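Biologist: I am new to reading protein models and would love a close look at one helix pair. Could you start there and then show me what lies around it?

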Amino acid sequence: MSARVAVVGAGAWGTALANVAAEASGSLVPLIGRDREEMTEIAERRVNARRLPGVRLNRSVLPTDDLATLVGARFVLVVTPTQTLRDVAAAIRPHLGSRAVVVACCKGVERGSLALPHAVLAEALPGVPGALLSGPSFADDVARGLPTAVTLAAADEDVAGAAATALATRSFRPYRSTDVAGVALGGAAKNVLAIAAGVVEGAGLGESAAAALIARGFAELARLGSALGARPETLSGLSGLGDLVLTATSEKSRNFSLGLALGRGAPRPEKLAEGAATAGALVALARGHDVEMPISAAVAEVVDGRLSVAEAIERLLARPLRAEA
Ligand SMILES: NC(=O)C1=CN([C@@H]2O[C@H](COP(=O)(O)OP(=O)(O)OC[C@H]3O[C@@H](n4cnc5c(N)ncnc54)[C@H](OP(=O)(O)O)[C@@H]3O)[C@@H](O)[C@H]2O)C=CC1
Ligand SMILES: O=C(CO)COP(=O)(O)O
């Protein structure tokens, strides 16, 4: 029997989503990782000890390294970092059935092309309907069955609705949207802004500055959103403001934690959070639309090692005052 939902990428988020899909569909959900030994261990122990410790896999989740297990799945969730989306899309292509919908679950901008995830899917999988899942949702919260609301976006409302239905459980609530660009932008920008929020806390700038950072960060997200034709209600919704508030206020966020460490003076770590990989591309995308993103630009230079945290703060405080919008 073929699966209704298959998950490619067995990290924290992929594992949590496989559990959700298994609960929602009640049928087999392949969870496909790239390391055979690790997937065998996950299958035997029924837990992804490295990425999502302490969470038991639903009995319908099938951990495997075999991409062929996604054949026949109606919804294929790609849950790997944004910079790998194009390669993963190419790898799954030969296995996709004629009715398959590919749902990107990453948040970021592709370096080089400056494409958001939905555009990467459209280029890598022409003719295959694509969708995007984004919103305020820590893997750990979702895996523990805590109430979570996310956005499921696709250009075709029926596709968005069908994908949302396939993943909905009592506690996991996907709201549908057709504003794919708006949803993609929110997820990409909030990761970068969360690094800045972490820096604010780490450098001890205080709670007033933290609130100002979120509001002014949202202003630059909204400026780019407007240039890309995103709907204002998308930007102020779950995948925009909702995810910005979550990620910019919680040490559970890897992006916020990275900023926190940098703000406290720690050296730049070797493994960087997704927002760090995306910051430069986000700013370049904005520049291409004549949009200024001063906070994101400062983050990009700090994570690239071109600017110190103190210089970044100084530069932002020295900016001329402007109208608030
Ligand atoms: N964690 C969370 O709470 C949430 C994460 N997200 C987003 O989901 C995406 C994935 O995040 P998350 O699961 O946390 O990340 P993890 O680092 O936990 O896992 C990433 C997974 O992608 C795999 N991977 C990496 N590179 C490749 C590649 N080139 N080809 C195939 N697979 C690859 C990794 O495999 P390997 O182990 O072999 O390296 C790993 O299984 C990110 O874009 C993130 O922003 C969205 C919402 C919530
Ligand atoms: O996207 C997330 C929550 O919505 C997870 O954020 P981090 O990648 O910063 O951990």
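Which residues in α3 meet which residues in α4?

Modeller: Happy to help! Please keep in mind that this is a predicted model. On the α3 side, the residues to find are Leu85, Arg86, Ala89 and Ala90. Their partners in α4 are Pro117, Val120, Leu121 and Ala124. Sorted by class, this contact has seven nonpolar residues, one charged residue and no polar ones. If you now picture each helix as a rod, the axes of α3 and α4 are 9 Å apart and the helices pack at an angle of about 35°. The crossing of α3 past α4 is right-handed.

Each of these two helices leads us to another part of the model. Let us follow α3 to begin with. α3 spans residues 85-92, and along with α1 (12-25) it is an element that gives two or more residues to the shell around ligand 1. That shell holds 25 residues, and the closest to the ligand are Gly11, Trp13, Thr84, Cys106 and Ala139. The element that gives the most to the shell around ligand 1 is α1, with three residues. By class, the shell around ligand 1 has 10 nonpolar, nine polar and six charged residues.

Now let us follow α4, which takes us to the place where two domains touch. The protein chain is divided into domain 1, residues 5-178, and domain 2, residues 182-317. Their C-alpha centres lie 25 Å apart. Where they touch, 24 residues of domain 1 are in contact with 23 residues of domain 2. On the domain 1 side, α4 (117-124) supplies at least two residues, and so does each of the strands β6 (130-134), β7 (148-153) and β8 (172-177). The largest share of that side comes from β7, with four residues. The domain 1 side is made up of 12 nonpolar, eight polar and four charged residues.

A second ligand brings both domains together in our picture. Ligand 2 lies between domain 1 and domain 2, because both domains give residues to its shell. There are 14 residues around ligand 2, and Pro136, Ser137, Ser253, Arg254 and Asn255 come nearest. Two or more residues of this shell come from each of α7 (180-202), α10 (238-247) and α11 (254-263). Among these helices, α10 gives the largest share, three residues. The shell around ligand 2 contains five nonpolar, five polar and four charged residues.

From α10 we can step to another helix pair. Helix α8, residues 207-227, has an axis that comes within 11 Å of the axis of α10, and the two cross at roughly 150°. α8 passes α10 in a right-handed crossing. The α8 residues in this contact are Ile214, Gly217, Phe218 and Leu221, while α10 brings Gly240, Leu241, Leu244 and Val245. Here the classes are six nonpolar, two polar and no charged residues.

Finally, let us see what the record has to say. In an unreviewed entry, UniProt places "domain: Glycerol-3-phosphate dehydrogenase NAD-dependent N-terminal" at residues 5-159. In the model, that span is 31% helix and 20% strand, and its end C-alpha atoms lie 14 Å apart. UniProt, again in an unreviewed entry, lists "domain: Glycerol-3-phosphate dehydrogenase NAD-dependent C-terminal" at residues 179-314. This second span is 73% helix and 0% strand, with its end C-alpha atoms 37 Å apart.

Definitions and conventions. Residues are numbered from 1 along each chain as its sequence is written. Chains are lettered from A and ligands numbered from 1 in the order in which they are written. This is a predicted model: local features need pLDDT of at least 70, side-chain atom pairs count only at pLDDT 80 or more; totals for chains, interfaces and linings use all residues. A residue is near a molecule or strand if its C-beta atom, placed from the backbone, lies within 6 Å of it. Ala, Val, Leu, Ile, Met, Phe, Trp, Tyr, Cys and Pro count as nonpolar, Asp, Glu, Lys and Arg as charged, and the others, Gly among them, as polar. UniProt positions are given in the numbering used here, feature names are shortened, and annotations may be inferred rather than shown by experiment. Domain bounds come from an automatic or database domain assignment. Two residues are in contact if their C-beta atoms, placed from the backbone, lie within 7 Å. Axes are lines fitted to C-alpha atoms, for helices over the stretch in contact, and angles run from 0 to 180 degrees between N-to-C directions. A crossing is left-handed if the near helix is turned anticlockwise from the far one by less than a right angle, and right-handed if clockwise.
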